[in-house]
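Colleague: Could you take me on a close look at one part of this model? I would love a friendly walk through it.

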Amino acid sequence: MRERIRIVDIANELGLSSATVSNVIHGKTKKISDETVKRVQQLLEERQYIPSMAGILLAQNDSKIIGVVINDHEKYEGHTLEDPFISASVNALAQEIEQAGKFLMLKVTDKWDEIPKFASMWNMEGMALIGYCTQDYQKLRERMHIPFVVYDGYMESAGNLVNIKVDHFDGGAQAGRYLKNRGHRDVLCISDNPICMDMERFMGLKSEIPNAELMVIPMERETRAKFYMEHLRKIKKYSAVFAVSDYYAMEFIQFLKNVGLSVPEDISVIGFDDVRESEKFAPALTTIKQDDRQRAALAVQMLNRLRNGDGTEKNVTLPVTLIERDSVRDVKMHKK
């Protein structure tokens with residue numbers, strides 16, 4: 001196999017400095033004569049020099065690299081990118097970033113202080129953060145001066161960032177209204193925490209069904225199964241369950257099947273997200289849809305606007321829509 005041609009090889013052959021050759025490769029030719037530029041370019045072509053794309057991008061003021069950082073939360077148990085909502089969000093961002101002619105660089109971490117280092121190391125022009133709802137964004141803004149967007153952040157937004165969220169409260173309200181119209185009054189909401197977006201979804205549910213209750217479930221999957229079994233008698237008292245994610249909804253339905261209960265005949269279940277698996281699941285899951293592609297397109301648009309000095313919109317809320325499928329039934333049809 002032929003050895004890779006290096007910048008120093010080209011420089012030595014032409015009797016030039018490596019810096020001069022590097023500048024020609026990276027397009028920094030204002031202080032280099034046209035004759036020298038031509039000599040370097042001709043030899044690069046003759047020797048079939050293949051430049052390092054990373055080196056070119058890092059040397060430019062506009063690297064075209066968009067960083068996407070995902071919170072490696074303990075609830076994912078080391079499988080963060082396998083979570084349906086996370087994978088759908090990253091997939092949508094990848095498509096939008098590619099369409100914009102830019103490059104996506106992904107990092108999964110639960111270490112807050114790694115984010116500015118990541119941005120600086122790769123000379124990023126912007127960044128999207130997912131899953132950091134309660135972090136101190138002020139500290140991040142002080143250490144990282146590139147524009148960034150946050151998915152579902154909870155902070156007083158200021159500086160060079162935009163917070164893009166969906167209407168979690170209205171999503172919960174839509175779920176509650178739908179269940180109420182189908183006769184449900186005893187409704188349980190399951191979530192692994194009582195804060196941020198999950199609490200907004202629960203409060204939306206309660207705005208339509210005031211006596212709805214919240215059950216905080218364990219984050220660990222194996223522990224959840226035991227938890228559901230320990231609370232089975234209580235769960236059976238409800239005609240419907242609103243899960244704050246499709247993942248939890250589908251997992252809960254599987255638990256009900258394992259203990260001999262049927263959905264929706266015994267208990268109706270509704271989720272949140274409308275991930276791809278929810279439609280193929282049995283029964284097909286009634287859920288609240290948030291549009292991943294719409295949010296990704298807005299994220300890329302907002303990053304571009306922030307880079308151009310237009311940061312007037314600091315918090316943007318996107319609508320959600322109820323998707324009716326097979327996992328909810330009228331309460332009068334439930335077995336007694």
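Where is Glu74 found?

Modeller: Happy to help! This is a predicted model, in which local features need pLDDT of at least 70, side-chain atom pairs count only at pLDDT 80 or more, and totals for chains, interfaces and linings use all residues. Residues are numbered from 1 along each chain as its sequence is written, and side-chain values use heavy atoms, with hydrogens and water left out.

Glu74 is found in the loop between β1 (65-71) and α5 (84-99); helices (H or I, at least four residues) and strands (E, at least two) are DSSP runs, numbered from the N terminus. With a relative accessible area of 56%, Glu74 is exposed, where exposed means over 50%, buried under 20% and partly exposed in between (1.4 Å probe, protein chains only). Together with Glu77, Glu220 and Glu222, Glu74 forms a negative surface patch. Patches take residues with over 30% relative accessible area and no salt bridge, joining like charges within 9 Å and nonpolar side chains (Val, Leu, Ile, Met, Phe, Trp, Tyr) within 5 Å. A salt bridge is a side-chain nitrogen of Lys or Arg within 4 Å of a carboxyl oxygen of Asp or Glu.

Leu81 also lies in the loop between β1 and α5, and is partly exposed at 39% relative accessible area. Leu81, Leu104, Leu106 and Val108 form a nonpolar surface patch, with about 260 Å² of accessible area together.

Moving on to helix α5, we meet Ser89. Ser89 is buried, with a relative accessible area of 1%, and its side chain reaches the backbone oxygen of Phe85 at 2.9 Å.

Note on methods. Areas by Shrake-Rupley, 256 points an atom, 1.4 Å probe, with all protein chains shown as cover. Lys, Arg positive; Asp, Glu negative; His and termini not counted. Charge placed at Lys NZ, Arg CZ, Asp CG, Glu CD. Polar contact = N/O pair within 3.5 Å; in protein donor to acceptor, adjacent residues only side chain to side chain.
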